[in-house]
Amino acid sequence: MKGKTRSLPVSYRLAVASRVLAAVLGGYIVAALASVSLSSWVPMARADAVVTGMMASFLAYLGAVIWCFACRTAGRAWLGLIVPGLMLAAVSGLAYWVGRS
Amino acid sequence: MKEGFRQAMAWLHTWAGLTFGWLLFAIFLTGTLAYFKDETSHWMQPEIPARSVSSEASLNVAQNYLEQHAAGASRWLIELPDDREPGLSVRWQQTPAKRGERGQFTEKHLDPQTGAEVQGRETSGGEFFYRFHFQLQMPYPWGRWLSTIAAMVMFVALISGIITHKKIFKDFFTFRPRKGQRSWLDGHNAVAVLVLPFHLMITYSSLVIFMSMVMPASILASYRGDVRGFFDEVFPASTTPELSGQPAALAPLAPLLEKAREQWGGGRTGRLTVNNPGDTNASVVLVRDGADRVVHDFGSAVTFNGVTGQLLGTTPEPSLPRAIAGSFYGLHMGHFAGPVLRWLYFVFGLAGTAMIGTGLVIWLGKRQLKHAKSAAMPFELRLVEVLNIAGMSGLMVAVAAFFWANRLLPLGLAGRAAWEVNAFFIVWGLSVLHAVVRRGRRAWVEQLALAALLFGAVPLLNALTTPYHLGASLAQGDWAMAGFDLTCLATGVFFTWAAWKMQRAAQPERVIRVRAQPITLEQEAH
Amino acid sequence: MLLALLLCYVGFTALCLAMDRHHVELLGRQSSPRRRQGLRLGGGLLLALALWPAVASSGWGLGLVQWCAVLMLSALLLVLLIPYRPRLALSLAGLSLLASPVAVLAQ
């Protein structure tokens with residue numbers, strides 16, 4: 001990713017843009033899902049669980065952002081967010097279905 | 001893969017740092033200044049005397065005043081003076097507000113000794129820096145969103161920086177001055193690594209402070225959209241008892257301070273709310289001073305019946321998650337900090353500001369080396385250069401201009417407070433123009449020299465425009481006033497040195513030396 | 001906070017001298033693996049020990065904050081002094097070590 005070339009190819013720029021989009025938007029969604037999952041399942045009073053979920057969410061966001069730029073391709077960035085995202089959504093959904101939440 | 005990971009993080013660190021660097025520099029600088037906002041406000045309203053009076057005496061003064069001027073009000077609020085905020089302020093509300101709304105208040109500042117109303121010159125004071133650093137002079141709630149986004153980017157930049165810095169332990173004590181770009185990188189690493197606990201705390205706590213606004217998903221999910229329900233649970237609403245309609249004399253409030261102190265094991269009261277004064281159903285809510293403990297207490301309160309003095313209730317100890325959130329809040333605000341610790345907060349805040357500033361200088365310097373031979377700089381680099389100069393030295397000139405405006409604007413000018421703020425932004429804007437018109441080094445030297453002049457001359461300006469000059473403030477032991485003058489003087493000295501260094505660095509032999517030792521961040525990543 | 005500051009400063013100086021590069025730079029001669037280990041251990045112990053006066057005088061909450069603050073301040077001071085005034089940096093460490101017992105009495 002060392003841009004020593006005179007002008008960077010469009011494909012490179014698109015890949016970077018894709019990663020940025022994944023990190024910013026996708027990362028936010030993953031973080032939000034992580035906070036919901038955590039607050040649904042952690043054995044605390046409701047308000048405390050929500051506070052815990054929110055505080056921890058930023059660590060999830062950080063992880064998502066780092067992943068988006070560390071992985072080999074832009075495609076993998078998105079995949080690496082979508083798969084955990086779906087799992088977290090399932091975990092939250094399970095909590096709702098079981099009657100916790 | 002290891003190699004690739006570090007390189008990727010170096011790339012992320014560089015670009016995250018650049019895109020948000022100027023905003024973060026402004027946030028860090030104004031936030032750092034906000035640690036002394038009470039002292040700044042005192043300097044900017046020198047007419048209001050700083051008198052130390054006991055809490056009980058101030059409360060008596062406040063009660064007398066309110067019984068005379070606000071007898072029929074539905075609610076009184078009294079802010080007691082403390083070490084840093086010597087003013088006594090009272091507010092009252094004639095008619096109760098609708099649920100969830102703030103309501104209309106009349107506010108007065110009183111002299112805690114005489115009970116007379118005090119009027120200082122109209123100014124935002126230190127509050128301007130405090131509010132700016134998280135609201136960015138933007139309408140609610142956009143400023144807060146932007147500053148919290150900036151905080152997240154800062155967090156990413158910090159962590160990616162740690163990952164990138166391969167020799168974080170080996171180079172822990174390394175600082176090699178007088179070696180051009182190498183020194184700038186050493187300096188950047190030093191202020192970053194040595195003060196890392198502070199930077200991480202400040203950054204993460206700023207995310208926690210606005211987390212309900214930026215990450216509400218779990219509130220919405222757990223409370224099925226009833227956000228108000230969440231806030232009611234976390235901040236138990238002070239229930240206002242019904243007005244009975246039967247008049248009864250309000251008991252003296254001062255003895256309640258001692259009762260509250262017993263409840264809190266020695267804690268101080270910060271403010272009082274009197275509901276329905278003059279009625280049989282009057283209640284007095286004493287809220288603990290936030291400066292009492294590190295864990296910021298959101299409304300640790302004791303409630304008494306206003307007529308009989310009977311204890312009506314206390315708020316329970318916070319749960320662990322709420323205590324943790326409170327700790328983040330308390331550590332960020334630093335209300336608990338005494339003078340020594342407060343100065344350390346200030347120093348570490350400046351270190352954070354310097355970390356960002358050196359990063360921006362390094363970003364440009366490295367790329368300028370590549371274009372050193374050609375006469376003209378490509379547009380992108382020129383843009384970064386202008387933003388660096390205006391965003392850093394220009395901002396500091398604007399801060400000084402804010403103080404100068406406070407002393408020079410006529411006292412009776414309408415909208416005086418707004419004009420002081422305007423002066424800040426106008427000067428900042430002019431610094432951008434100046435940086436565009438004047439090339440590189442010259443713009444730096446001129447703006448740094450101007451900052452040196454404006455800051456250094458503050459004590460003189462103070463002496464010429466008010467009777468509260470350094471001689472008087474030192475003699476009276478008014479340390480806030482004297483400290484402000486002296487700190488501005490020291491700042492002026494620092495900028496003089498900086499301007500001189502910048503001027504010398506512009507000399508030819510320096511440029512050759514810099515070229516002879518090109519450093520590459522990529523090598524660092526290996 | 002003074003005792004904590006003194007202990008941290010000495011501790012960091014020891015950790016600094018435990019590195020070959022800085023040992024040569026500051027003391028002008030090579031160190032040995034045993035000395036390096038000793039300095040590292042001693043330095044680390046002093047940094048940890050500095051926690052005690054902070055907590056003893058201000059409780060755990062405020063004490064931890066003061067300890068972190070003093071750690072960061074002493075590190076900054078040392079790193080700033082080494083390139084400009086290396087002998088002062090070292091003599092301050094020596095003075096701090098001597099002054100610590102006195103500061104203990106003042107606690």
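Seven strands of chain B line up as an open sheet in the order E3-E2-E1-E4-E5-E6-E7, paired in the antiparallel sense. This is a predicted model, so take what follows as a reading of that prediction. Beyond the sheet, there's a chain B split into two domains, an all-helix chain C with five helices and zero strands, and a chain A that touches chain B but not chain C.

**The sheet in chain B**

- At the edges sit strand E3 (106-110) and strand E7 (311-314) of chain B, each with a partner on one side only.
- On average, neighbouring strands of this sheet are turned by 15° against each other, if you ignore direction.
- Zooming in on one pair, strand E5 (residues 283-288) and strand E6 (residues 301-305) of chain B run antiparallel and are joined over five bridges.
- Which residue of E6(B) stands opposite B:Val285? That's B:Thr303.
- Helix H3 (residues 55-69) of chain B lies across four strands: strand E1 (75-79), strand E2 (88-93), E3 and strand E4 (269-275).
- Against E2(B), that helix runs at about 35°.

**How chain B is divided**

- Domain 1 of chain B is pieced together from 2-46, 128-209 and 333-525.
- Domain 2 of chain B takes 52-119 plus 237-314.
- How far apart are the C-alpha centres of the two domains of chain B? They lie 40 Å apart.

**Chain C on its own**

- From the N terminus on, the elements of chain C simply read α-α-α-α-α.
- Its C-alpha trace spans about 40 × 25 × 20 Å along the principal axes of chain C.
- Chain C has a radius of gyration of 14 Å, which agrees with the value near 13 Å that a compact globule of 107 residues would have.

**A helix pair in chain C**

- Two packed helices are described by the angle between their axes and the distance between the axes.
- For helix H1 (residues 2-17) and helix H5 (residues 86-106) of chain C, the angle is about 145° and the axes are 9 Å apart.
- The crossing of H1(C) past H5(C) is left-handed.
- On the H1(C) side, the contact includes C:Leu2, C:Leu3, C:Leu6 and C:Leu7, and C:Tyr9 is also among the residues involved.
- H5(C) answers with residues including C:Leu92, C:Ala93, C:Ser96 and C:Leu97.
- What's the chemical mix in this H1(C)-H5(C) contact? Twelve residues are nonpolar, three are polar and no charged ones take part.

**Where chain A meets chain B**

- Of the two pairs of chains in contact, chains A and B share the most contacts.
- Here 29 residues of chain A are in contact with 30 residues of chain B.
- Helix H1 (10-41) and helix H2 (46-70) of chain A are the elements that each give two or more residues to the side touching chain B.
- H2(A) gives the most to that side of chain A, with 17 residues.
- By type, the side of chain A that touches chain B holds 18 nonpolar, eight polar and three charged residues.

**Where chain C meets chain B**

- Between these two, 17 residues of chain C are in contact with 17 residues of chain B.
- Helix H4 (residues 51-84) of chain C gives the most to the chain C side, with 14 residues.
- That side of chain C divides into 14 nonpolar and three polar residues, with no charged ones.

**Chains A and C**

- Chain A and chain C don't touch, and their nearest C-alpha atoms are 20 Å apart.

Technical notes:
Residues are numbered from 1 along each chain as its sequence is written. Chains are lettered from A and ligands numbered from 1 in the order in which they are written. This is a predicted model: local features need pLDDT of at least 70, side-chain atom pairs count only at pLDDT 80 or more; totals for chains, interfaces and linings use all residues. Domain bounds come from an automatic or database domain assignment. Two strands pair if DSSP finds at least two bridges between them. Axes are lines fitted to C-alpha atoms, for helices over the stretch in contact, and angles run from 0 to 180 degrees between N-to-C directions. Two residues are in contact if their C-beta atoms, placed from the backbone, lie within 7 Å. A crossing is left-handed if the near helix is turned anticlockwise from the far one by less than a right angle, and right-handed if clockwise. Ala, Val, Leu, Ile, Met, Phe, Trp, Tyr, Cys and Pro count as nonpolar, Asp, Glu, Lys and Arg as charged, and the others, Gly among them, as polar. The radius of gyration is taken over C-alpha atoms; the globule rule is 2.2 Å times the number of residues to the power 0.38.
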